Amino acid sequence: MRYVNAVRGSAMAVIVASAALAMSGCQPDGGGTDNGNSGATPSATVSSAPPSGSASGSGSTTPSASASTPAPDGSAATCSADSLKATARQAAVRPAGTGTGAAVVEFTNASGQTCVLNGHPTVAGAGNGSPEMNVPLTVKPTGATASVKVAPGGKAWVKLTFVQVQGEGDGYCVSGSAPVLYPTMVVGLPGSGAHQVALDDGQFAECDDTVTVTAVSAAEPS
């Protein structure tokens with residue numbers, strides 16, 4: 001009986017020891033701290049980087065709309081300010097007097113895509129040639145507006161007719177106001193920005209800060 005009890009006691013001790021070893025083998029090495037050698041597979045990391053060319057907060061890489069971006073319906077977009085080159089010359093047909101009388105402003109599409117111009121321009125005299133010293137002129141629009149498609153390298157025009165300066169020398173205004181001389185004018189088009197232009201010959205001389213303007217046209221005015 002003593003031998004049997006001893007054997008049973010020994011067997012029980014072996015079972016307890018084995019269970020203890022098995023339990024210790026289930027614990028991570030180092031008391032639960034992963035030492036990098038456990039062979040565990042790290043969880044997948046989800047990237048938050050946006051697709052190439054998409055917006056990402058303030059660092060958006062999405063290009064801004066320009067003449068090269070067609071409208072959603074597939075039609076040509078409005079010409080952007082930076083897609084246009086503007087120049088000005090004295091008009092051949094203008095009121096009699098010694099001032100500028102009238103000027104033709106030419107807009108050339110300098111982009112690689114067809115774009116659209118439309119509407120009547122705004123006009124301001126740039127004091128001392130500085131746009132920040134603009135003097136807006138009272139605009140009298142004439143003619144109906146229509147969308148004008150301008151191909152790359154193509155042109156469109158507006159004509160500005162001023163209240164003419166009379167007389168010789170510094171001249172005079174019929175209204176009694178003093179004539180005004182501007183080195184440059186700032187001409188704006190709806191949706192297409194403002195453009196500072198100088199005459200190819202002389203400066204802008206006008207009376208009453210009033211100008212009659214045509215709508216954008218595909219035909220060059222005289």
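**Exercise 1. State whether Arg89 is buried, partly exposed or exposed, and identify its salt-bridge partner.**

Solution. Arg89 has a relative accessible area of 24% and is therefore partly exposed. The classes are set as follows: buried means under 20% relative accessible area, exposed over 50%, and partly exposed in between, with a 1.4 Å probe and protein chains only. The model is predicted, so local features need pLDDT of at least 70 and side-chain atom pairs count only at pLDDT 80 or more, while totals for chains, interfaces and linings use all residues. Residues are numbered from 1 along each chain as its sequence is written, and side-chain values use heavy atoms, with hydrogens and water left out.

The partner of Arg89 is Glu220, and the closest N and O atoms of this salt bridge are 2.9 Å apart. A salt bridge requires a side-chain nitrogen of Lys or Arg within 4 Å of a carboxyl oxygen of Asp or Glu. Arg89 belongs to strand β2 (residues 84-90) and Glu220 to the segment after β13 (204-214), so that distant parts of the chain, 131 residues apart, are linked. Helices (H or I, at least four residues) and strands (E, at least two) are DSSP runs, numbered from the N terminus. Glu220 is also partly exposed, because its relative accessibility is 44%.

**Exercise 2. Determine how many salt bridges the whole structure contains, and describe the one formed by Glu106.**

Solution. A search of the whole structure gives two salt bridges. Glu106 is bridged to Lys155, with 3.4 Å between the closest N and O atoms. This pair connects strand β3 (residues 102-109), which holds Glu106, with strand β9 (residues 155-163), which holds Lys155; the two residues are 49 residues apart. Lys155 is partly exposed because its relative accessibility is 37%.

**Exercise 3. Locate the two disulfides and give the handedness of each.**

Solution. The structure holds two disulfides, a disulfide being a pair of cysteine sulfur atoms within 2.5 Å.

1. Cys79 and Cys115 are joined, with their sulfur atoms 2.0 Å apart. Cys79 lies in the loop between β1 (77-78) and β2, and Cys115 in strand β4 (residues 115-117), 36 residues apart. The angle about the S-S bond is 90 degrees, and the link is right-handed. Both Cys79 and Cys115 are buried.
2. Cys173 is joined to Cys207, S to S 2.0 Å. Cys173 is in the loop between β9 and β10 (180-182) and Cys207 is in strand β13, so parts 34 residues apart in sequence are tied together. This link of Cys173 and Cys207 is left-handed, with -90 degrees about the S-S bond. Cys173 and Cys207 are buried.

Counted along the chain, the bonded cysteines follow the pattern 1-2, 3-4.

**Exercise 4. Describe the open sheet that contains β11, and state where β11 stands with respect to burial.**

Solution. The order of the four strands is β6-β5-β11-β12, and their pairing is antiparallel. The edge strands, each pairing on one side only, are β6 (134-136) and β12 (194-197). The twist from one strand to the next averages 30 degrees. Two strands pair if DSSP finds at least two bridges between them.

Strand β5 (residues 122-126) is joined to β11 by five bridges, with Gly125 opposite Met185. Strand β11 (residues 184-188) pairs with β12 over four bridges; here Met185 stands opposite Val197 and Val187 opposite His195.

Five of the five residues of β11 are buried, so this strand is largely enclosed by the rest of the structure. Thr184, Val186 and Gly188 point one way from β11, and Met185 and Val187 the other way.

Conventions. Axes are lines fitted to C-alpha atoms, for helices over the stretch in contact, and angles run from 0 to 180 degrees between N-to-C directions.
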